[in-house]
Every structure is written in structure tokens, then in C-alpha cells.
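Me: I would be grateful for a close look at one part of this structure, namely its charged side-chain pairs and its cysteines. Please begin with the cysteines and then proceed to the charged pairs.

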Amino acid sequence: MTNHADVLVVGAGVAGLAAAGEFLSAGLDVLILEARDRLGGRIYTVHDPMMAVPVELGAEFVHGMPREIFDIAAAARLGICELDGESWTYRRGRLVRSAELFESIGPVFEQMREAATYDMSFQEFLDHADLDPDTKIWATSYVEGFNAARRERISVLSLLEDEEETRRVHGDRAFRIFSGYDSLVQALLPTGRVRLHLNAVVSEVRWRPGHVEVIAHSRTGHPIGPFKAERVLVTVPLGVLQQNAIRFVPEPAEALAAALRLEMGSVIRVTLRFREAFWEDRAPRLSFLHSPGLAFPTWWTPHPAIAPVLTAWAAGPNGEALAGADEKAIVDLATSTLEKIFGMGRAHIEDLLEYWYMHDWQTDPFSRGAYSYVPVGALDARRTLAEPIEGTLAFAGEATCLEGAGGSVHGAISAGRWAARRLLEKLECGQASGSGNKA
Ligand SMILES: Cc1cc2nc3c(=O)[nH]c(=O)nc-3n(C[C@H](O)[C@H](O)[C@H](O)COP(=O)(O)OP(=O)(O)OC[C@H]3O[C@@H](n4cnc5c(N)ncnc54)[C@H](O)[C@@H]3O)c2cc1C
């Protein structure tokens, strides 16, 4: 494989793959450099012959009906199924059927819209909101759980922007890709036409207008490259940029300062496989289970698929508390939470537990966190980070999505395509256009 291309793309998550597709369509020669030995980045599906359903260690849901995903799925004939079933809540020692989370937080967003005359944290909004204590608990659990954010940090203006996008794509509905999220990654890969270098950890990007040199090494430290091109699109996660894992010469100071103004949220999710679905007689048709205040405040089953599997989700402060912890300790905490919720003895749950699946995205050197969110006062940071520099160097990924879909798969696809088009525009006429990054 030659080390020269028209464009280098760093990172083979969905943003990088979607961008590569755009460059290839424009007739450019593209080389993708990816640190892992697999594609998909924060989409990480396990196919275990012992499981009736694919297990997701990263992204699992399609939030709403975004064209970025539905169009790819339709072209590749991927089955998408909508979640249904019942939501249940564990509060004050009781397990009860509950409304959908989205229904419960509707009034919170109405008040937020009126209150947001300036940017403030969600906590500041809550402190002054006319909401009953239960609603505040629900809303906090939703905001921290969905955005992987701290309530005293996340920007209310960004939440309102996200909510508009959620309504646009019918984000109150959720779907899964039947064969696993990794089939979307495969469908995005421009097969046969893209040059891909796996196990290539990029450590340095040297650039000047119209010329780029990228230094990389294998995961065992063996130097590879240098790779040369006319431009480079860097799609590594925000956490990787924030921790200066890649050195840029010269430093794109404005973009890197913008990256530091955003936040990388934490998530610990663990999927537990049991011998039997012991919850079915206690919480029939269980889809989501909310247990605000407990170490794992959100749970779900694979419903409507039938499998004796529960996924535990701890995000934001709950995720931070568990980041880096020993897997067995995390599983023990999850099972002891289940003991409480379902009123079962420890020995019984342990006897039913067959296996668990998890991945710590916080300690993973190629993600360094789960996904991004916007803290108070940083509403412009995604845009600054997304802006191509001298038509030569650009950043893209879920953290540069400008339409309120940051932190999602469809947001990352949209941002990757947008960045590629911006670089192509600069190439063709040296002109910028467009305000959002909807592809
Ligand atoms: C636990 C979890 C649950 C999630 N759940 C959902 C969900 O249900 N629905 C949803 O829509 N979204 C969800 N997300 C978010 C979604 O996964 C991401 O927004 C999306 O996959 C990001 O794509 P990306 O291309 O921007 O980044 P990534 O997928 O992270 O791709 C970046 C690539 O860069 C590579 N890289 C990093 N450093 C280097 C380097 N130095 N050199 C070369 N390559 C490097 C990485 O290995 C990676 O492959 C979840 C994320 C997590 C972590």
C-alpha cells in the first residue's frame, strides 16, 4: 500500500467512514488510518453464539428516524425494529408501571424554554423551576442518563437545541438494527474502493496549506508511515483530542481550545445474560426500567426480541463513579441493584447469572470517554471545532455535529459528511457555505 493519498482520514468510526464515502464519490484517493484492529469505533457489537440477539457494548439505539441511518439501512436492506413494551419504575421500594420517560419530561422542557433567556446549567434551571420534587428527580435522571452529563455543567440552551432535533426526527421513538449496529458500519464502508490501514495509531500531524504528513505507529509501537496527502480529516473522539494524544504541528490553537471547552461524558453499561428472564412475572413486557437514585438508574431488555438479558446503564456522575473500576465490582453492583429492585436474594441472582459483557470507554485510549456534551457557555464550541483550517485540516465526529444530534450515531455520520463536503468545497473554489452540518 502506498503511503500517499489525496486525503487522509484519521479514525474509522461512522464519521470517518461517512466522510471517506464523500471523498471517494468526488473521485479522490482516500486512505483511512485507524488505531484499532476493527472498524466502527464506539459502535462495538458482539455476536455471541450463546445469545439470541447481538450485544452492543457501545451505541445500541437509533434515536428517532434520522435519514442518515434509515437511508443507509434501506439501501443495505438492514432490518430495523422499533422498541415497544412497557416502562417500569422502581421508587420508594416499589416496582410500578410508568409513563414513557419522554412523556414525563415534556413539561420540563416547556418551562426550560421560557426560563432560558440566557445560558445556564440544568441545575440552575432546576433550582428556580416550578416543578414538584418527583418531576425534578425524573428530569435529572433523564438529562444525566441520556446526555452522560453532569447536571451542574450541561447547558440548557444546548438541551433545547437537542430537543428540537429530537422532535424533528421523532426521537421519542427508538429503534434497533436487527442484525446489530455493526451492520450499519459495514454498510457505510465503501467496499473495494477505500484503502484502510488498521492498527495505525496516529501520534502526529504536520501540516501546511495543501500538504499534510501524518506520523503513526502500530499498537505494539512499531513506526509506520509517514503518510502524505493534500488534506486530512481527523475524526478521533473529543476525549482523544482533549488529552493531546495527537500532536499537531503547527497547533490549530482555536480548534483545540474549542475542544477543551466541550465535555466528554462518562458511561458504564453492562449487559447481563441470565439463565432465565426472572423479571417477566414481576414486570411483564419490560422494555425500560427506571431506578433513579440507584447506582444504575436505567435498565432495559432486548424487547421486542425475547432473550434473558438485562442491560444496566450508569451515565454522567454515576458513570464517572464507576469508570476504571474492576469489572467484577461493577457486575456485583449491578446485581445488588437488581436484588433491591426485584426483592431477590443474592444467591438466587448469582445462580441465574451466566455471563456479562462490558467495555470501559473511559479508560479506552482511543475514546477516552463515552460521548460529548455542551457545558454552559460553550454553545459555539462545536462550530469552531468543525470549521476546516486553511482548506487542509479539519475535525469531525459526533462532537462537531451542529444540529443538536451531538453524541449520537446519526450526528456523527452527518458531521463526517459535512466536514468532507466543506473540505471539497475549499478544494474546488476556496469558498465556505452552509450553516449547519446536515448532510
Ligand atoms: C456506551 C455508549 C453508548 C452509546 N449509545 C448510543 C446510542 O444508543 N445511540 C446513538 O446514536 N449513539 C450512541 N452512542 C454514541 C455513538 O456511539 C457515537 O456518537 C458515534 O459512534 C461516534 O462516532 P465517531 O465516528 O464520531 O467516533 P468513533 O466511533 O469513536 O470513531 C473514532 C475512531 O477514531 C479512532 N482513533 C482514536 N484515536 C486514534 C488515533 N490516535 N489514531 C488513529 N485512530 C484513532 C478510534 O479507534 C475510532 O475508531 C453511544 C456511545 C457509547 C460510548
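Reply: In this predicted model, the count of disulfides comes to 0. A disulfide is a covalent bond between the sulfur atoms of two cysteines. The count of 0 rests on a distance rule, because a pair of cysteine sulfur atoms must lie within 2.5 Å to qualify. Two of the cysteines may be described by their accessibility. Cys81 is buried, at 18% relative accessibility, and Cys401 is likewise buried, at 3%. Both receive that label because buried means under 20% relative accessible area.

The charged pairs present another picture. Side chains of opposite charge can pair when their charged atoms come close. A search of the whole structure finds 35 salt bridges, and some of these merit individual description.

One of them joins Arg195 to Asp29, with 2.9 Å between the closest N and O atoms. Arg195 belongs to strand β10, which covers residues 195-197, whereas Asp29 sits in the loop between α1 (14-25) and β2 (30-33); the pair therefore ties together parts that are 166 residues apart in sequence. The two partners fall into separate accessibility classes: Arg195 is buried, with a relative accessible area of 17%, while Asp29 is partly exposed, at 33%.

Another salt bridge links Arg42 and Glu398, and here the closest N and O atoms are 2.9 Å apart. Arg42 is located in the loop between β2 and β3 (45-46), and Glu398 in the loop between β23 (393-395) and α14 (409-429), so this pair connects parts that are 356 residues apart in sequence. Arg42 counts as partly exposed, at 22% relative accessibility. Glu398, by contrast, counts as buried, at 5%.

A further salt bridge is formed by Arg150 and Glu152, whose closest N and O atoms are 2.7 Å apart. Arg150 is partly exposed, with a relative accessible area of 30%, and Glu152 is also partly exposed, at 39%. Both values lie between the limits for buried, under 20%, and exposed, over 50%, which is why each residue is placed in the intermediate class.

Salt bridges also occur in a connected group. Glu204, Arg206, Glu213, Lys228 and Arg247 are joined into one network by salt bridges that share partners.

In summary, the model contains 35 salt bridges and 0 disulfides. Among the salt bridges, Arg195 with Asp29 and Arg42 with Glu398 tie together parts that are 166 and 356 residues apart in sequence, respectively.

Note on methods. Residues numbered from 1 in each chain as written. Predicted model: local features only at pLDDT ≥ 70, side-chain atom pairs only at ≥ 80, totals over all residues. Heavy atoms only, no water. Salt bridge = Lys/Arg side-chain N within 4 Å of Asp/Glu carboxyl O. Helix = DSSP H or I, 4+ residues; strand = E, 2+ residues; numbered from the N terminus. Buried < 20%, exposed > 50% of the residue type's maximum accessible area, 1.4 Å probe, protein only.
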